[in-house]
Amino acid sequence: MSEGDQELRGLMIRYQGGSLEAFEEIYAQLATGVRRYLSHLAGGAEFADDLLQETFLQMHRSRAAYNPAYAVKPWVFGLARNVFLMGRRAARRWASVHESREDFPEFPVLPEADRLGSQDEIRRGLAYLSPDQAEALLLHHEWGFSFEEIAGMLGTTAAAARARASRGMADLRAALSSLQRTRA
Amino acid sequence: MIDRSPKPPEALMRAIAQDLRPVKPSPQPLQLALRMIPLALLISSAILLAVGPRQDLNVLGPFLTWGASAAQFMLAIALIWIAAHESIPAGRLPRQIVYAAAVAGLLFVVFVTLLTFSTSPATAPLVRVPPQVNEMLRDSPWIMGFGCGIGSTVAGGILVLFFSWAFRNSLATRPTMAGALYGAGAGLAINAGWRIACPFSTPWHALGAHGAAIIATVLLGALIGRYLGKRRSHIGGRPS
């Protein structure tokens, strides 16, 4: 467990003990990343704030479900994914966005992919990936989760999570070169 | 220096501040599954204490009676362990493991049923009850099927309710699946006890009556899981 995770775990234990300050600190450390993840899942920032509130409210109501043996960050990201999937409205949005594959506002841009093209091109390239590939790719490269953690969140094996991310990166490269050729 | 870290919205803070009582962390999946053993053992063996073991135990031998039931009981605990994993947002097991365990449970019951029938094809009830009751059961075997089906469904249902309480903090992405898994665990655990007590070996009885009870507990678990999942998403709505 990393130093950041250790700190978050300590905060979670204090929060379970009834500390409001610990909750605020957890929010301060995780809200930005969780919001970006929700923004990716929902295909835009429109509902991300609502979903973010729901995630932290759900975390509060289910704070007893956290066991200090778990790393906090994947637990909260997994909960955010859960909140998103449980929300019908957001799920419908997900379906429509991934059918159209037109626009991905506020889509996160991978640090590794930065050299492959402009931010706009990368956003467009990511939109061509399958939702599974894009999610695994972003969880690993953008939010720094290990493949074991991604596997636990997505209900798959670490090898499958790695394969999705790897295929996603290959497809992203192909999409980017295709986009660049079209532009040229 | 300006602090740019995000602050929770006021509505959220109000909702949080309303209930900040200390809570006890949930156990890990293995601990949770192990804690279920005493009650599952008690309820599944209640039928043995009530009517005693079947009278062809010597023919079947310890492997096909206590051994097979012990293995089935362990499989039931494994299903509860998988359900507990399914209930953690970042602790889910690969789908292949989940489905393989469910199929293994099903195949195990069918295999043991057929093996029991081929070893001791007991078709007439020899229950420790007055002779006229045994006579009636011989003439109308469906009564026995009905009794076993209803009895093990009720016992399994009690266990499912207890498991639902133990899984009340579940954060499963697929709550219906999590419920079905611990429902299957309850069904298999109960069947592990009932199969040693029931004097009928015919596949139609073992799979029709006892199998139906397992399916009923799976469905009950799935329905409760679904209800708890919906309730969670409902109470988790945005703070006003």
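**Figure 1. A nonpolar patch on helix H7 and its neighbours.** Let us start with Val154(B), a residue of helix H7 of chain B, which spans residues 141-166. As in every view here, what you see is a predicted model. Val154(B) belongs to a nonpolar surface patch of about 560 Å². Its partners in the patch are Trp142(B), Phe146(B), Ile150(B) and Ile158(B). Why can Val154(B) be called partly exposed? Its relative accessible area is 48%, and partly exposed residues are those between the 20% limit for buried and the 50% limit for exposed. While you look at this patch, keep a handy rule in mind: an α-helix has 3.6 residues a turn, so residues three or four places apart point the same way.

**Figure 2. Helix H1 of chain B and its cover.** Helix H1 of chain B runs over residues 10-18. Which of its residues are buried? They are Ala11(B), Leu12(B), Met13(B), Ala15(B) and Ile16(B). Now look across to chain A: the cover over these buried residues includes helix H1 (3-16), helix H2 (20-42) and helix H3 (48-61) of that chain.

**Figure 3. A salt bridge between two helices of chain A.** Here the side chains of Asp49(A) and Arg35(A) come together in a salt bridge, with 2.7 Å from N to O. The pair links distant parts of the chain, as Asp49(A) sits in helix H3 of chain A and Arg35(A) in helix H2 of chain A, 14 residues apart. Asp49(A) is partly exposed, and its relative accessible area is 41%.

**Figure 4. More salt bridges to find.** How many salt bridges does a search of the whole structure find? There are eight over all chains. In one of them, Asp56(B) pairs with Arg54(B), and their closest N and O atoms are 2.7 Å apart. Both Asp56(B) and Arg54(B) are buried. In another, Glu86(B) meets Arg92(B) at 3.6 Å, N to O, and these two residues are buried as well. You can also look for a network of salt bridges that links Arg63(A), Asp19(B) and Arg21(B).

**Figure 5. The second largest pocket.** This pocket holds about 410 Å³ of space. Its lining is made by 21 residues, and those nearest the centre are Ala102(B), Gly105(B), Leu106(B), Ile214(B) and Val218(B). Helix H5 (95-119), helix H8 (175-197) and helix H9 (203-235) of chain B each give two or more residues to the lining. Which helix gives the most? That is H5(B), with eight residues.

Conventions. Residues numbered from 1 in each chain as written. Chains lettered and ligands numbered in written order. Predicted model: local features only at pLDDT ≥ 70, side-chain atom pairs only at ≥ 80, totals over all residues. Heavy atoms only, no water. Buried < 20%, exposed > 50% of the residue type's maximum accessible area, 1.4 Å probe, protein only. Helix = DSSP H or I, 4+ residues; strand = E, 2+ residues; numbered from the N terminus. Contact = heavy atoms within 4.5 Å. Patch = residues over 30% accessible without salt bridge, like charges linked within 9 Å, V, L, I, M, F, W, Y side chains within 5 Å. Areas by Shrake-Rupley, 256 points an atom, 1.4 Å probe, with all protein chains shown as cover. Salt bridge = Lys/Arg side-chain N within 4 Å of Asp/Glu carboxyl O. 1 Å grid on protein atoms, 1.4 Å probe; cavity = no way out; pocket = protein on both sides within 12 Å on 5 of 7 lines; lining within 4 Å. Points joined across faces, edges and corners; volume = space filled by probe spheres on them.
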